[in-house]
Amino acid sequence: MAIIFHIARRDAWANRAVVGSYHPEMFSIDGFVHCSTRDQVIKVADARFRGQTGLVLLCIDTDKVTAPIRRENLEGGQELFPHIYGE
C-alpha cells in the first residue's frame, strides 16, 4: 500500500456525495487530479495554497484507485508528481 496526497477545497470534497464523484476545479482542463508524495505535500501546500482556508488533505491509498496513476512532471522540472487520470 502506498499513500499519496491531494489538497482539496472542503466544499468540493463535500459535494462529491451529491454528484457521486470528486474532481477538482482544474480536472476538466488538466484531465487528472494533482497529487503529491509525503515528501512533496508540504512544499506543494506552501507554493499553491498558502493563506487559503477551507482546505482538506486527502490521503489516498493507491491500491484502491482504479484510474491510472502516472508519475510525471509537466512543468519541465525533474521531480515527479503522482497524477490520477480519472475521478
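In what order do the elements of the chain run from the N terminus on? In this predicted model, the order is β-α-α-β-α-β-β-β. The inventory is therefore three helices and five strands. The radius of gyration of the chain is 13 Å, close to the 12 Å that the globule rule gives for 87 residues, so the chain is as compact as a globular protein of that length. Taken along the principal axes, the box filled by the C-alpha atoms is roughly 40 × 35 × 25 Å.

The overall packing may be considered next. Of the contacts in the chain with a separation of 6 or more, 69% are accounted for by residues 24 or more positions apart. Buried residues constitute 32% of the 87 residues. The chain exposes about 6,000 Å², and 52% of this area is supplied by carbon and sulfur atoms. With regard to charge, there are 10 positive and 11 negative side chains, and a distance of 4 Å separates the centres of the two sets.

Individual residues give a more local view, beginning with helix α1. W13 lies in this helix. At a relative accessibility of 28%, W13 counts as partly exposed, because that value falls between the 20% limit for buried residues and the 50% limit for exposed ones. When neighbours within four places in sequence are left aside, W13 is in contact with Y22, V56 and L58. L55 is 42 residues from W13 in sequence, yet their C-alpha atoms are 9.1 Å apart in space.

The path then continues from α1 (10-19) to α2 (27-30), and G20 lies in the loop between these two helices. G20 counts as exposed, with 64% relative accessibility. From G20 to H6 the sequence separation is 14 residues, and the C-alpha to C-alpha distance is 18 Å. Within helix α2 itself is S28, which is likewise exposed, at a relative accessible area of 66%. S28 and M1 are 27 residues apart along the chain, and 28 Å separates their C-alpha atoms.

Near the other end of the element order, strand β5 (residues 81-84) contains P82. Is P82 buried or exposed? Its relative accessible area is 0%, so P82 is buried. Beyond its neighbours within four places in sequence, P82 is in contact with I4, V33, H34, C35, S36, T37, Q40, I69, R70 and R71. The C-alpha atoms of P82 and P68 are separated by 10.0 Å, with these positions 14 residues apart along the chain counted as their separation.

One of the contacts of P82 is C35, which leads to the cysteines. C35 is buried, having a relative accessible area of 4%. C59, by contrast, is exposed, at 54%. Why is C35 not bonded to C59? The closest cysteine sulfur to that of C35 is in C59, and the distance of 11 Å is too far for a bond, since a disulfide requires a pair of cysteine sulfur atoms within 2.5 Å. C59 is accordingly in no disulfide, and a search of the whole structure finds zero disulfides.

How values were computed
Residues are numbered from 1 along each chain as its sequence is written. This is a predicted model: local features need pLDDT of at least 70, side-chain atom pairs count only at pLDDT 80 or more; totals for chains, interfaces and linings use all residues. Side-chain values use heavy atoms; hydrogens and water are left out. Helices (H or I, at least four residues) and strands (E, at least two) are DSSP runs, numbered from the N terminus. The radius of gyration is taken over C-alpha atoms; the globule rule is 2.2 Å times the number of residues to the power 0.38. Buried means under 20% relative accessible area, exposed over 50%, partly exposed in between (1.4 Å probe, protein chains only). Contact means heavy atoms within 4.5 Å. Accessible areas come from the Shrake-Rupley method with a 1.4 Å probe; for residues, only the protein chains shown count as cover. Lys and Arg count as positive and Asp and Glu as negative; His and the chain ends are not counted. The place of a charge is taken as NZ of Lys, CZ of Arg, CG of Asp or CD of Glu.
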